[in-house]
Amino acid sequence: MEQTFKDIYEDFEPNRDTYFFKVGNGGMISFHGRNYNIKKSLSEDQLKLLIRDSMFVRISSNCYVNVDKISSVEKDHIRFLDHTTGSKIVSVPLWKKQTLQERLSQRKQTVVH
């Protein structure tokens with residue numbers, strides 16, 4: 001039986017695969033996911049589309065988290081849980097925590113309906 005492996009670098013889709021991303025200088029984006037960190041250079045238009053995607057919430061000047069990938073929001077961090085690789089965390093300022101929790105509750109209500 002032939003096994004097929006997904007090449008995350010070739011088949012990469014930020015809104016499906018990314019837990020969070022950070023915007024660097026010159027359009028360089030650092031994507032963080034389950035078991036990878038990928039740096040890609042995006043055009044200004046590509047970056048605008050990504051930032052405007054409703055799946056991502058800005059939590060700091062250069063960091064955006066994928067709301068669908070969050071497992072919990074704790075005191076000062078967000079946890080992304082993956083049962084095979086453990087968890088990844090990213091800090092969240094307290095002033096952004098409320099906005100994020102509202103988005104998470106909206107997401108849960110949307111899923112229920």
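The exercises below work through a predicted model of one protein chain.

Residues are numbered from 1 along each chain as its sequence is written, and side-chain values use heavy atoms, with hydrogens and water left out. Local features need pLDDT of at least 70 and side-chain atom pairs count only at pLDDT 80 or more, while totals for chains, interfaces and linings use all residues.

**Exercise 1. The chain as a whole**

Task: State how many helices and strands the protein chain has, and in what order the elements run.

Solution. Step 1: Helices (H or I, at least four residues) and strands (E, at least two) are DSSP runs, numbered from the N terminus. Step 2: The protein chain has three helices and eight strands. Step 3: Starting at the N terminus, their order is α-β-β-β-α-β-β-β-β-β-α. Step 4: Of the 113 residues in the chain, 35% are buried, where buried means under 20% relative accessible area, exposed over 50%, and partly exposed in between (1.4 Å probe, protein chains only).

**Exercise 2. The open sheet**

Task: Give the strand order of the open sheet and find which strands stand at its edges.

Solution. Step 1: Two strands pair if DSSP finds at least two bridges between them. Step 2: Five strands form the open sheet in the order β3-β2-β1-β5-β4, and the pairing is antiparallel. Step 3: β3 (37-41) and β4 (56-58) each have a single partner strand, so one side of each lacks a neighbour in the sheet. Step 4: On average, neighbouring strands are turned by 25° against each other, direction ignored. Here axes are lines fitted to C-alpha atoms, for helices over the stretch in contact, and angles run from 0 to 180 degrees between N-to-C directions. Step 5: Strand β2 (residues 28-33) pairs with β3 over five bridges in the antiparallel sense, and F31 stands opposite I38 in β3. Step 6: Helix α2 (residues 44-52) packs on this sheet and touches β1, β2, β4 and β5 (63-66), with its direction at about 130° to that of β1. Contact means heavy atoms within 4.5 Å.

**Exercise 3. Two residues in strands**

Task: Decide whether V23 and S30 are buried or partly exposed, and list what they touch.

Solution. Step 1: V23 lies in strand β1 (residues 18-23) and is partly exposed, because its relative accessible area is 21%. Step 2: Residues up to four places away in sequence aside, V23 touches M28, I29, L47, N62 and Y64. Step 3: S30, in strand β2, has a relative accessible area of 14% and is therefore buried. Step 4: With neighbours within four places in sequence left aside, S30 is in contact with F20, F21, K22, I38 and K39. Step 5: The side chains of S30 and H32 make a polar contact (3.1 Å). A polar contact is a pair of N or O atoms within 3.5 Å; within protein, one must be able to donate a hydrogen and the other to accept it, and residues adjacent in sequence count only if both atoms are side-chain atoms.

**Exercise 4. Aromatic pairs**

Task: Classify the ring pairs Y19 with F80 and F21 with F31.

Solution. Step 1: Rings of Phe, Tyr and Trp (its six-membered ring) pair if their centres lie within 6.5 Å; planes under 30 degrees apart count as stacked, over 60 as edge-to-face and the rest as tilted. Step 2: The structure holds five aromatic pairs. Step 3: The ring centres of Y19 and F80 are 5.1 Å apart and the planes are at 5°, so this pair is stacked. Step 4: Y19 is in strand β1 and F80 in strand β7 (residues 77-82), so the pair ties together parts 61 residues apart in sequence. Both Y19 and F80 are buried. Step 5: For F21 and F31 the centres are 5.7 Å apart and the planes at 45°, so the pair is tilted. Step 6: F21, F31, F56 and Y64 form one aromatic cluster.
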